[in-house]
Amino acid sequence: MSQHDQNRRAWDRLATNDSQFTRVATDAECAQPLVTLDSRGWLPGSVRGLDVLCLASGGGWQSILYAAAGANVTVVDLSPAMLRLDEREASRRHLSVRTIEASMDELPMLADESFDIVHQPVSTCYVPRVADVFQEIARVLRGDGLYISQHKQPTSLQIVDSDPQDRYLLGVEYYHPDPLPAVADRSYREEGACEYLHRWEQLVGELCRAGFVIEDLVEPFRADRRARPGHYRHRGRFVAPYVRLKARRIRAARTIPGTHPIWTPDDR
Ligand SMILES: C[S@@+](CC[C@H](N)C(=O)[O-])C[C@H]1O[C@@H](n2cnc3c(N)ncnc32)[C@H](O)[C@@H]1O
């Protein structure tokens with residue numbers, strides 16, 4: 001079975017279970033959609049009329065909140081069952097959301113420079129080459145467009161187990177290009193999914209090389225000093241599981257011979 005088929009199947013199954021990722025937007029969240037989506041103030045003051053791509057974000061949360069805030073929303077996801085949740089919630093709330101079943105690393109159905117914002121929750125771990133995803137996003141974003149994304153941190157994906165002293169064991173090499181081995185712990189890995197470790201030079205370096213500048217970076221806080229061993233917040237005290245990036249698509253590249261590319265506005 002291909003990695004895409006495996007992940008489609010895994011997420012179709014998660015969509016029908018009560019997973020934390022299939023929690024749809026609530027009425028209270030829809031009443032304040034931008035506050036809900038954006039605790040950091042990374043989004044513009046209004047997204048009304050903007051073209052937003054919710055990438056690999058099926059499940060009826062991000063898409064519904066952007067649509068409730070007045071954006072023109074397209075959701076791309078590999079899992080039909082996750083997309084059905086977006087469609088069901090949009091219809092229930094009389095919102096308009098376009099859904100497309102596709103893989104994030106191959107988006108020929110989306111035109112060049114057709115979005116103002118791309119919002120991608122944790123999902124690059126499901127494809128082997130993160131550079132392909134960043135290049136597609138760079139292509140479909142307009143100049144100065146915003147790319148908000150969250151990723152699994154590589155060290156977290158190296159953890160395979162804990163020992164009798166409740167220390168976390170790094171059992172996967174940092175340079176690991178193949179699918180990750182299955183682990184029993186479900187805190188930060190989805191059952192049945194095929195996942196890949198992306199190193200920092202790939203998550204950050206490939207993003208910059210695709211034509212983005214990083215404007216901010218946060219590590220969502222998952223630690224709790226009172227959490228007992230076995231709880232995801234106990235593990236979160238030792239290794240931050242996620243990183244969230246705010247990146248901006250630079251308008252065009254100008255290369256000075258003999259130097260690295262310098263990214264400058266192309267309009268004057
Ligand atoms: C963390 S969930 C996203 C959803 C969620 N709404 C949230 O609140 O975080 C990750 C999503 O990535 C999707 N996915 C996995 N592999 C993908 C691929 N190659 N291309 C597009 N989507 C993919 C899954 O189907 C799933 O819906």
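1. Two strands count as paired where DSSP finds at least two bridges between them, and that criterion is the background for the hairpin described here, in what is a predicted model. Strands E6 (residues 159–162) and E7 (residues 168–170) run antiparallel and are joined by three bridges; one residue of this pairing is Ser-162, whose bridge partner in E7 is Tyr-168. The two strands form a hairpin with five residues between them, and in the turn Asp-166 has a positive phi of about 60°.

2. On the sheet, the strand order is E3-E2-E1-E4-E5-E9-E8, which makes an open sheet of seven strands with mixed pairing. E3 and E8 (212–218) stand at the edges with a single partner strand each, so that one side of each of them is left without a neighbour in the sheet. Averaged over this sheet, and with direction ignored, neighbouring strands are turned by 15° against each other.

3. For the pairing of E2 with E3, the model gives a parallel arrangement in which five bridges join E2 (residues 72–77) to E3 (residues 97–101), and within it Val-73 stands opposite Val-97 in E3. Helix H5 (residues 80–92) belongs to the connection as well, since E2, H5 and E3 together make a right-handed β-α-β unit.

4. Elsewhere in the sheet, strand E1 (residues 51–55) runs parallel to strand E4 (residues 115–120), and three bridges join the two. Here Val-52 is the residue that stands opposite Ile-117 in E4.

5. Turning to the ligand, 19 residues surround it, and the closest of them are Gly-58, Gln-62, Asp-77, Ser-103 and Met-104. Sorted by class, the shell around the ligand consists of 11 nonpolar residues, seven polar residues and one charged residue.

6. The polar contacts that a docking or scoring check might look at include several to the backbone. A nitrogen atom of the ligand lies 2.9 Å from a polar backbone atom of Gly-58, and a ligand nitrogen atom is likewise 2.9 Å from a polar backbone atom of Met-104. An oxygen atom of the ligand is 3.5 Å from a polar backbone atom of Ala-56, a separation to be read against a cut-off for polar contacts of within 3.5 Å. As for cover, the ligand on its own has 580 Å² of accessible area, of which the protein covers 95%.

Key:
Residues are numbered from 1 along each chain as its sequence is written. This is a predicted model: local features need pLDDT of at least 70, side-chain atom pairs count only at pLDDT 80 or more; totals for chains, interfaces and linings use all residues. Side-chain values use heavy atoms; hydrogens and water are left out. A residue is near a molecule or strand if one of its heavy atoms lies within 4 Å of it. A polar contact is a pair of N or O atoms within 3.5 Å; within protein, one must be able to donate a hydrogen and the other to accept it, and residues adjacent in sequence count only if both atoms are side-chain atoms. Accessible areas come from the Shrake-Rupley method with a 1.4 Å probe; for residues, only the protein chains shown count as cover. Ala, Val, Leu, Ile, Met, Phe, Trp, Tyr, Cys and Pro count as nonpolar, Asp, Glu, Lys and Arg as charged, and the others, Gly among them, as polar. Helices (H or I, at least four residues) and strands (E, at least two) are DSSP runs, numbered from the N terminus. A crossover is right-handed if, with the strands pointing away from the viewer, the path from the first strand over the helix to the second runs clockwise. Axes are lines fitted to C-alpha atoms, for helices over the stretch in contact, and angles run from 0 to 180 degrees between N-to-C directions.
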